[in-house]
Amino acid sequence: FWFSSKSVRNGIPHTSAAYERFGNDDKFKIGPVDIVNQVGLTSTQFQRLWKVEKSDILSHIQNWNTPGYLTPQSILDWPGNGTSNTAQNLAPYADLDGDQIYEPLSGEYPIIKGDQAVYLILNDYREEDTLRHLGNVVETYGPLKIEIHVMLYAFANNIPAISNSVFVETSIYNRSNSAIDDHNDFHASIYADFDLGNPSDDYVGTNISKNLFYAYNGDFFDEATSGHAGYGSNLAAQGILFLDNNIEHA
């Protein structure tokens, strides 16, 4: 993910940004935001992923009140609620009694998409503004102070285009308690480094009308490289499609 906004603070251009390329930019932290203390929450409760199967949810809906039924750990562990210092509700769940408390032993359950889903919670709370020079331009730079909820999901389907796709739904929350962090020029994007077998002969392209960008082999044979087999003449392609926002041609 790449998130950013531009503003002016104390008469100086300011960039708020959070981004990741190869996992070493260190702009995202695992866990929700401690809203009270305005820090990222690092308790072990949230330092993980949550994986849930649709079949387990359906079974839970039908059998939660059946004698001898054991609720799957994945449903018990679902992060429907936070702590006293975070947002009360985190991952989506069926709140059957409307009390805003996730109660799986009373028949409540995670709300997911697809046949299998993985949920994670991130934040970009880190060091405060720093001064940096970009050529002759001086600006300040700092975090967006956002919390990011990500649901990755997939379908078991006889249609290859569906069964071979991973869907990603991202929700972004401004958890800052300062009006200076109300981002009026907010942008979201995706960084993708496609490596299709041998990465030295890959091409990339866009199809603006289809909201798609993609990678494909630059010739008719994909060679092996660095000890890894290429695709040979069975060429592969990979694409990223935005389902609910238009991509912009840069």
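The paragraphs below lead through a predicted model of a protein, from its overall make-up to its sheets, its aromatic rings and one threonine.

The protein has 250 residues, of which buried residues make up 33%, and its secondary structure comes to three helices and 15 strands. Taken along the principal axes, the C-alpha atoms fill a box of roughly 65 × 60 × 35 Å. The protein exposes about 14800 Å², and carbon and sulfur atoms supply 52% of that area. If one looks at contacts between residues at least 6 apart in sequence, 56% of them join residues that are at least 24 apart.

A good place to begin is the open sheet of five strands, which run in the order β8-β9-β2-β1-β12 with mixed pairing. The edges of this sheet are formed by β8 (130-134) and β12, each of which pairs on one side only, and from one strand to the next the twist averages 30°. At one end of that order, strand β1 (residues 2-9) and β12 pair in the antiparallel sense over four bridges, and one can find H187 in β12 as the bridge partner of S4.

The start of the chain also leads to the aromatic rings, since a search of the whole structure finds 15 aromatic pairs. One of them joins F1 and F3, whose ring centres are 5.6 Å apart and whose planes meet at 15°; planes under 30 degrees apart count as stacked, and therefore this pair is stacked. The two partners differ in how far they are covered: F1 has 24% relative accessibility and so counts as partly exposed, while F3, with a relative accessible area of 3%, is buried. Both rings belong to one aromatic cluster, formed by F1, F3, F28 and F186.

How are the rings of F194 and F213 arranged, and how far apart are their centres? This aromatic pair is edge-to-face, with 5.9 Å from centre to centre and 70° between the planes. F194 lies in the loop between β12 (186-189) and β13 (202-207), whereas F213 lies in strand β14 (residues 212-217), so the pair ties together parts that are 19 residues apart in sequence. F194 counts as buried because its relative accessibility is 11%, and the cut-off for buried is under 20%; F213, at 16%, is buried as well.

F213 now brings us to the strands around it. In a regular strand the side chains alternate between the two faces of the sheet. In β14 the covered face holds F213, A215 and N217, and the uncovered face holds L212, Y214 and Y216. β14 pairs with β13 in the antiparallel sense over six bridges, with L212 in β14 as the bridge partner of N207. The hairpin of these two strands, β13 and β14, has four residues between the strands, and there N211 takes a positive phi near 60°. β14 also pairs with strand β15 (residues 237-241), again in the antiparallel sense, over five bridges, and here F213 has I240 in β15 as its bridge partner.

The last stop is T86, which is found in the loop between α2 (73-76) and β7 (116-123). Is T86 buried or exposed? With a relative accessible area of 8%, T86 is buried. Its side chain reaches the backbone nitrogen of T83 at 2.9 Å, and, not counting residues up to four places away in sequence, T86 touches P32, V33, I35 and L41.

Definitions and conventions:
Residues numbered from 1 in each chain as written. Predicted model: local features only at pLDDT ≥ 70, side-chain atom pairs only at ≥ 80, totals over all residues. Heavy atoms only, no water. Phe/Tyr/Trp six-rings, centres within 6.5 Å; stacked < 30°, edge-to-face > 60°. Buried < 20%, exposed > 50% of the residue type's maximum accessible area, 1.4 Å probe, protein only. Pairing = 2+ DSSP bridges. Axes fitted to C-alpha atoms, helices over the stretch in contact; angles between N-to-C directions. Polar contact = N/O pair within 3.5 Å; in protein donor to acceptor, adjacent residues only side chain to side chain. Contact = heavy atoms within 4.5 Å. Areas by Shrake-Rupley, 256 points an atom, 1.4 Å probe, with all protein chains shown as cover.
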